[in-house]
Structures are given as C-alpha cells and as structure tokens.
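Visitor: Please take a close look at a single part of this model. I would like one strand placed in its surroundings, with the other chain set out briefly beforehand.

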Amino acid sequence: MSKQLFYLSFFLYFGFLSCNSSKVITGEVNYLNATEAGTLLVSAAGYGQSKPDAIANAQTNAFNNLIFRGIPGSQYQLPMVQDESKARKEHGKYFSNLLEQGGYKPFMMLSEEQTGYSVSRKGQKNITVMVKINVDALRRDMEQKGVVRKFGL
Amino acid sequence: MHFDVTWNKKVWFGNLAYNHLFNIMKFKPLSLLLASSLLLGEIGLSQGSATEPIKTKKVQPTIMVIPFVQESQDMRNVLESDINLRVAVTKVKEGFDKRGFSTVDFRGKLKQLNNDKAMELENQTSLKQEVIEQSGADIYVETEAKPIKTGSGNSITVIVTAYDAYSGLSLANKVGNSPKFYTDNYEKLTEKAVEGLIEDFLNTMQLKFDEMVENGRIASLNITFSEGSSMDMDTEIGETGKLFSEVMEEWLEKNTYKSYFHLQGTTATKLIVDELRLPFQDEEGKTYRPTKFAASLRNYLKTIGLESERDVQGSKIFITIN
C-alpha cells in the first residue's frame, strides 16, 4: 500500500512539474498583419511535452515578444515595456498572472494552428500558431494596473 | 453561560491546514514534497489575481494637431481646400484621443483669431506661431498628406512630426504610406496610411516623454545688464566676496533639474547658459513652465538686492539686471 502511495505521489509530483514545461521563451514570433486598428496578427512557435502545452507556449511567446521585445515590421516595433527586468521586479504578480497563468487569454482574439505538432529541427516537439492580439485592450489593462505609464509625461 | 459562536473562517481553515501539514511532516516526507509543491502552486495562482491598480498623479500635456503649410501658404485655405489633409489631421487626433488624450482643436483656435490676419499672406508664419501660443498647447503635431498617382495604383504618403512648443525640439517623426490601390478614394487611403503609423508614432513620442521626465525639459538662459546698471559679472556680492557670476552658478546648481546646466560662457557683461534642464512638474504636480523658473530667479535676485526684468520666449529666458 505504502509503495503504491509512493508511486502515486511520485507520478503526481512530476506530473505537476511538467505543467510548467511551457516556459520556453523564444523570439520565434513573426508579424503577419494588422487589418483592424488596435489589433495584431502574428505567427508564434511554441514548444512543449504535449500539444496543448506547445500551443500555450506559442501564445505566451506572442504576448511576451509584444510586451518585452516589440514586433518588427508592425506598428508595435517598440516594446510596450521598455525595461523588462525592472517591470518584472516591480510588477511580478501581474506578469506571472498574464504570461504564466493564462491571464493573456482575454486579450487573445484568435488562436489557430498553422502547422502540425511535430519534432522541429531543434529536436524538440513544437507547433506554430497564428495569434491575434487585442493590443489596445492589453495596453489599457496595463495602464489601469499601473504596469505601464499612460501616454504623456 | 454564553459562548460566542461566531468564528473566523480564515483562522479555522488556517489551523486545519497547519494541523494537516504537521501530520504530513511527521509521517510522510514524500507527501510533504508533493503538498508543498501544490501549496506553492496555489500561492502562485492567488498572487496573480491580487494585482491592485496603482494610482499615480499625472499631468497630461496638451497637444494640437496642425496641418503642415509652406511659408507662403495660408493655413486656413490649405486645410479647407484639402480633404486628405483634413482626414489626416482628424485621424491623428483620433489616435491621441484613443490614448486618453484631449487635443486642442486647431480649426476652433484658428477661428478665434482675427479673420483679417488669417487672410494676410505676409502674416502666415506668425499666424502659425500665434495659433500655437493662443492654444496653450505644450506639443504640436504637424501633419502632411501627399497623394501619389502611379500606373500601378494610387497611394497616400502621410508625414507627422511632433514638436515641443516651448523649445521647438522635435519629439517624433514618422512617414507612413498607404497600400497602393486602383482608386481615387484618397480619403480612405489617408485613413489607412495614418492607421499604419500612429501607434509607432505615439510610442516614439512616449519614449521622448520618458526621457524628458528622466532628464528634464531643455531651456536656455541669458543674463545681461541694462545700460545704466552699475553692476557687472565681476561685482562682488555681499560679505562673502563672491563674484556675481559665481553666485549665479551656485544658484543654477541648486535650481536646475538634477543640477544640469551648461555654461556656454561668461564675460563681464553677460552670462550665457545655452542649455539647462527644468523639471516638468513642480512639487504639486503642476506643469513647471520656464516662466516659473524666471520668476524664481528674479525673486532670488531681489534677496541679494538686485532689481531685474525678465523676458521669456518659449524656452528661452532673458534676465536683464538694472
């Protein structure tokens, strides 16, 4: 009985840890278009032990790059947050909720798989997802929460 | 005997959790690992929803979007005769409004001015200045829209440039092109061109704002003496024996933003500071204008027994000591 409990605990523990496997942050986010004002369509690559994990990772990558890196070729070339380390230090809870716990979902207008879930050249399983982001709403949320300054002095 | 039966759920559940954890610690080390990782996960989840809005005091600058005109052109005529320009100006204004900005209406301000002045060609350059000054705008944004007709389709090029009204410094510039279409609907093309640049333009402006808040607003200062003045820069002030120019340098060190000022030169009759930095806001959060700086310098000069006159043109401050 105690042996069974041991295996069960072991399985649950590592199963729980694997939930965080979608934390690979890459710059594989490319601008597609912005047909409607205030929105942005990008394709993002995501990695993960399972397909849902990889999709979640791709979505996180899209938001992460928009917020901290900027998306070249789009209107959002400049990152929404200028100093990532400072912002993460001061607003850790906000970014943890937004990027690691699915808080970005209300700002995601579309998420569509572009490729199948398969092994990439890097030897890891990945997927490319087309993500449409409501940038205006995201900015307003960040302004309201004091994460970014409102436009102005 | 009366027992108070009300109880605090948080305390009760807290004690229960503690007891449970204690039992686990005592008997099941691996289960403890599992429990702690789950507990940490819960803490992480609860942190996410605990973000509170931060209230910050902020003074927004006023912005006016104006059409670009050449020196010989009449601003009103240009704007009224060019629908593309009107669309461009309106779309740029919309971009600011979307970011929570109230912009000063250029046409409204123009109408306030004397009609005769607006129609006099020789006054056009000063008219622009007058509109900017009368509007009280801190920043003005010049907008230009140029249609381009080609065999492979028509498009519009829009140029927007933002200037600090006080110093004339350029804050941001962007050029945007609409996609090419076989259409004569230039208004729609103008909308597309502005939509394609406005976010980037505003973000660049915001970067400049941040830089200005960090380093202060640029101004310049000239201190001279009136013809009948018995003073000059080498006059000793008070009992300290310090020269007037030295006293001024000390005052500037204390009263410029982060003690930043660049002394271009000092002669016996003139002290020129070609660049000094002023804060954007005073202690109360109100806009700190160059006139306030000039007033504070005049007040200081009074305390050391000197009468002076001041003239402030934009961000240029002139002090004449009598």
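Guide: Helices here are DSSP runs of H or I with at least four residues, strands are DSSP runs of E with at least two, and both are numbered from the N terminus. The model is predicted. In those terms, chain A has five helices and five strands, and from its N terminus the order of elements is α-β-β-α-α-α-β-β-β-α. Of the 153 residues in chain A, 46% are buried. About 7900 Å² of chain A is exposed, and 53% of that area comes from carbon and sulfur atoms. Where contacts in chain A join residues at least 6 apart in sequence, 61% of them link residues at least 24 apart.

The part for the close look is strand 1 of chain B, residues 63–67. Strand 1 belongs to an open sheet of five strands in chain B, with mixed pairing and the order 2-1-3-4-5. The edges of this sheet are strand 2 (103–104) and strand 5 (170–177) of chain B, each of which pairs on one side only.

Strand 1 of chain B pairs with strand 2 of chain B in the parallel sense, over two bridges. In that pairing, Ile63(B) is opposite Thr103(B) of strand 2. Strand 1 of chain B also runs parallel to strand 3 (residues 139–150) of chain B, and five bridges join the two. One partnership with strand 3 of chain B is that of Met64(B) with Tyr140(B).

Next comes the cover on the strand. Taking buried to mean under 20% relative accessible area, five of the five residues in strand 1 of chain B are buried. In a regular strand, side chains alternate between the two faces of the sheet. On one side of strand 1 of chain B are Ile63(B), Val65(B) and Pro67(B), on the other are Met64(B) and Ile66(B), and all are buried, so both faces are covered.

Two helices complete the surroundings. Helix 4 (residues 83–98) of chain B lies across strand 1, strand 2, strand 3 and strand 4 (153–164) of that chain. The angle between helix 4 and strand 3 of chain B is about 135°. Helix 8 (residues 186–195) of chain B lies across strand 3, strand 4 and strand 5 of chain B, and runs at about 50° to strand 4.

Definitions and conventions: Residues numbered from 1 in each chain as written. Chains lettered and ligands numbered in written order. Predicted model: local features only at pLDDT ≥ 70, side-chain atom pairs only at ≥ 80, totals over all residues. Heavy atoms only, no water. Pairing = 2+ DSSP bridges. Contact = heavy atoms within 4.5 Å. Axes fitted to C-alpha atoms, helices over the stretch in contact; angles between N-to-C directions. Buried < 20%, exposed > 50% of the residue type's maximum accessible area, 1.4 Å probe, protein only. Areas by Shrake-Rupley, 256 points an atom, 1.4 Å probe, with all protein chains shown as cover.
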